[in-house]
Amino acid sequence: GGVRSIGPVVDYDELTGLLDGLISRDIDPSKMRGIEGASPAAAEKREDLFVAVRNRTDGDAYGPLIIGPRGLVRFTERLPIGLEGQLLTTLAQPEAPEDLEARVVFLSRRPDAGHALLLDLSTAELGMDSTSLRVKTPERTLMIQLDDADAMRARRFLQARR
């Protein structure tokens with residue numbers, strides 16, 4: 001009478017969300033990141049939107065950051081793998097960035113998305129300080145730390161926006 005565990009411990013709800021997304025074709029595995037972020041997601045390669053799946057502020061990890069033509073969306077925590085897959089699949093679609101931006105806002109309102117910062121870029125100034133994205137609004141300045149590769153892409157994206 002002993003108990004034995006085999007394989008990794010998996011969050012049942014996350015696994016179910018991923019499988020549901022795969023079966024319904026809301027998630028395309030080819031559009032997601034490689035294991036441990038070894039290769040970027042298709043959405044992270046876009047030049048008309050900026051997408052960083054991981055970022056930090058003051059050492060705290062956050063979920064995806066998306067900058068579109070009109071707004072910025074930053075999820076305050078890591079998303080469940082099913083929702084992250086759906087978000088990355090959506091952002092990899094060959095649609096206008098304005099349309100994708102609206103779909104991101106819609107996804108940010110799902111209960112499993114947690115909280116998200118939604119910012120109108122007409123009231124903000126974006127810039128880079130080393131590997132940090134500086135988001136300056138009339139109320140405050142937010143520094144978002146990016147990985148080196150994401151910081152390089154953010155610089156190019158911001159230059160192209162000007």
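This report looks at a helix pair, a buried glutamate and three loop residues in a predicted model.

Residues are numbered from 1 along each chain as its sequence is written, and side-chain values use heavy atoms, with hydrogens and water left out. Local features need pLDDT of at least 70, side-chain atom pairs count only at pLDDT 80 or more, and totals for chains, interfaces and linings use all residues.

**The helix pair**

Helices here are DSSP runs of H or I with at least four residues; strands are runs of E with at least two, and both are numbered from the N terminus. Helix H2 covers residues 81-91. It packs against H3 at an angle of about 170°, with the axes 10 Å apart. H2 is therefore roughly antiparallel to H3 (the term for angles over 145 degrees). Axes are lines fitted to C-alpha atoms over the stretch in contact, and angles run from 0 to 180 degrees between N-to-C directions.

Which residues of H2 and H3 make the contact? H2 supplies Leu83, Gln86, Leu87, Thr90 and Leu91. H3 supplies Leu100, Arg103, Val104 and Leu107. Contact means heavy atoms within 4.5 Å. By class, six of these residues are nonpolar, two polar and one charged. Ala, Val, Leu, Ile, Met, Phe, Trp, Tyr, Cys and Pro count as nonpolar, Asp, Glu, Lys and Arg as charged, and the others, Gly among them, as polar.

**Glutamate 101**

Helix H3 (residues 97-108) also holds glutamate 101. Is glutamate 101 buried or exposed? At 8% relative accessibility, glutamate 101 counts as buried. Its side chain reaches the backbone nitrogen of arginine 70 at 3.0 Å. Not counting residues up to four places away in sequence, glutamate 101 touches Gly68, Pro69, Arg70 and Gly71.

**Three loop residues**

Buried means under 20% relative accessible area, exposed over 50%, and partly exposed in between (1.4 Å probe, protein chains only).

| Residue | Loop between | Relative accessible area |
|---|---|---|
| Arginine 25 | helix H1 (12-24) and strand S1 (50-52) | 73%, exposed |
| Serine 130 | strand S7 (125-129) and strand S8 (132-136) | 56%, exposed |
| Threonine 76 | strand S5 (71-75) and H2 | 29%, partly exposed |

Phi of arginine 25 is near 65°, a positive value in a residue other than glycine. Serine 130 has a positive phi too, near 60°.

Threonine 76 has its own set of partners. The side chain of threonine 76 reaches the backbone oxygen of histidine 115 at 3.0 Å. Leaving aside neighbours within four places in sequence, threonine 76 contacts Ala61, Tyr62, Gly63, His115 and Ala116. Proline 64 is 12 residues from threonine 76 along the chain, and their C-alpha atoms are separated by 8.2 Å.

Conventions: A polar contact is a pair of N or O atoms within 3.5 Å; within protein, one must be able to donate a hydrogen and the other to accept it, and residues adjacent in sequence count only if both atoms are side-chain atoms. Angles under 35 degrees count as roughly parallel, over 145 as roughly antiparallel, 65 to 115 as roughly perpendicular and the rest as oblique.
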